[in-house]
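Me: I'm new to this one and would like a close look at a single part of it. Here is what I have in front of me.

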Number of protein chains: 2
Amino acid sequence: MRLYGVGIGPGEPDLLTLRAVNRIREADLVVVPYSSREMTLGAVRDLIAGKEYLLFNLPIRGKKEEYEKLLRRIREYDRVAYVVLGDPAFYSSFYYLASLHPPEEVVPGITSFSWCSALNKTPIVMGIETALIAPVSSGLSLCPKVDVKVLLKGDTENPLFKCGSGYFTTSVVRQGKQG
Amino acid sequence: MRLYGVGIGPGEPDLLTLRAVNRIREADLVVVPYSSREMTLGAVRDLIAGKEYLLFNLPIRGKKEEYEKLLRRIREYDRVAYVVLGDPAFYSSFYYLASLHPPEEVVPGITSFSWCSALNKTPIVMGIETALIAPVSSGLSLCPKVDVKVLLKGDTENPLFKCGSGYFTTSVVRQGKQG
């Protein structure tokens, strides 16, 4: 079984890369994490029409047994695309699976913060500025000297801009302009 | 004139999004920053075949006069796509132009660090980890407590992984595993 980790971006069908489209089309099975299933299916609906797909309920804290169980279910397929909302580089469950079965390829995706910046027509950093990328829970108190904080996985107050909702909220905060 | 800031990703033609492909196809004029012209033209060559394009020599420190001069040259076109290597959210000259002429739309792109992480099949952050995004010049001494430093625009020693060359090098360094 060849395993592909495919970033599909923020949830809009035309924000997939050409490579992501191809890898999903070529797959015999598409694995969709259950937590993001609505946004994920909304983005890839046309691509997986008529194709076999599997909703995968993400275990809390990446519990290894559940990924082993998943692996046993998908092992007999030739090409499996595990689709990831956003980009696999940032906080993706894909790498728990990849630690058990070396991936054939990882396809990068548009991150939520790149998307949110574009929607707001406002850059995250310019010149020699610096940015912290963090879950909202661990990022508020860290790195007081960075210019910008990009806070994922939850809401924050007085952002420069924000996008998404609930757990999928991304906020960009300029230091000194906060709360 | 309607101005589009279009992220084209790290330089591989199939890492453009469908939206980026469309915006470039629809443009009457494509502006290509001179500094990244080889990588940029390599990525969009098929899309701009037969299309009018303009190489733009980026002024040092975003000198306003040069962007005003550019604006006078492109003003008579209906749709202008200013293509950006990587993603407009991070250190892009596009926003100097956009400060003089409000853009119609900004299209996000695959960042160099998402690409580099995918190439190396290694995530940047997992769980509740944090990352600093910084130019190599300002990032080495900042934020000693982050888990990962993503250093752009130049080389650094002993990275977890790195991609690109010269000015376009992106290095990802795990704190405590450095030098």
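How many salt bridges does a search of the whole structure find over all chains? And could you then take me through helix H1 of chain A and the charged pairs around there?

Reply: Happy to. Keep in mind that this is a predicted model. The search turns up 20 salt bridges over all chains.

First, a bit of setting. Chain A has six helices and nine strands, and its C-alpha trace spans about 55 × 35 × 30 Å along the principal axes. A compact globule of 179 residues would have a radius of gyration near 16 Å, and chain A, with 17 Å, agrees with that. Buried residues make up 58% of the chain.

Now for H1 itself, which covers residues 18–26 of chain A. Its buried residues are Arg19(A), Ala20(A), Val21(A), Arg23(A) and Ile24(A). What do they pack against? Within chain A, the partners are strands S1 (2–7), S2 (29–33), S4 (79–84) and S5 (105–107), plus helix H2 (37–48). Helix H1 (18–26) of chain B joins them.

Glu26(A) is a good residue to follow from here. It is partly exposed, with a relative accessible area of 35%, and it forms a salt bridge with Arg23(A), where the closest N and O atoms are 3.3 Å apart. These two sit three residues apart in helix H1 of chain A, so about one helical turn separates them. Arg23(A) counts as buried because its relative accessibility is 16%, below the 20% cut-off.

Glu26(A) also has a salt bridge with Arg79(A), and here the closest N and O atoms are 2.9 Å apart. This pair links distant parts of the chain: Arg79(A) is in strand S4 of chain A and Glu26(A) in helix H1, 53 residues apart. Arg79(A) is buried, at 18% relative accessible area.

Charged residues also link up across the two chains. Glu12(A) and Asp14(A) are in a network of salt bridges with Arg19(B), Arg23(B), Glu26(B), Arg79(B) and Glu105(B).

How are the two chains related? Chain B superposes on chain A after a rotation of 180 degrees with 0.0 Å of shift along the axis, at an RMSD of 0.0 Å. That is the relation of a two-fold axis. The same surface serves both copies, as 100% of the contact residues of chain B recur in chain A. Of the residues of chain B, Thr17(B) comes closest to the rotation axis, with its C-alpha at 1.9 Å.

Methods: Residues numbered from 1 in each chain as written. Chains lettered and ligands numbered in written order. Predicted model: local features only at pLDDT ≥ 70, side-chain atom pairs only at ≥ 80, totals over all residues. Heavy atoms only, no water. Least-squares fit on C-alpha atoms with pLDDT ≥ 70 in both. Contact = heavy atoms within 4.5 Å. Helix = DSSP H or I, 4+ residues; strand = E, 2+ residues; numbered from the N terminus. Rg over C-alpha atoms; globule rule 2.2 N^0.38 Å. Buried < 20%, exposed > 50% of the residue type's maximum accessible area, 1.4 Å probe, protein only. Salt bridge = Lys/Arg side-chain N within 4 Å of Asp/Glu carboxyl O.
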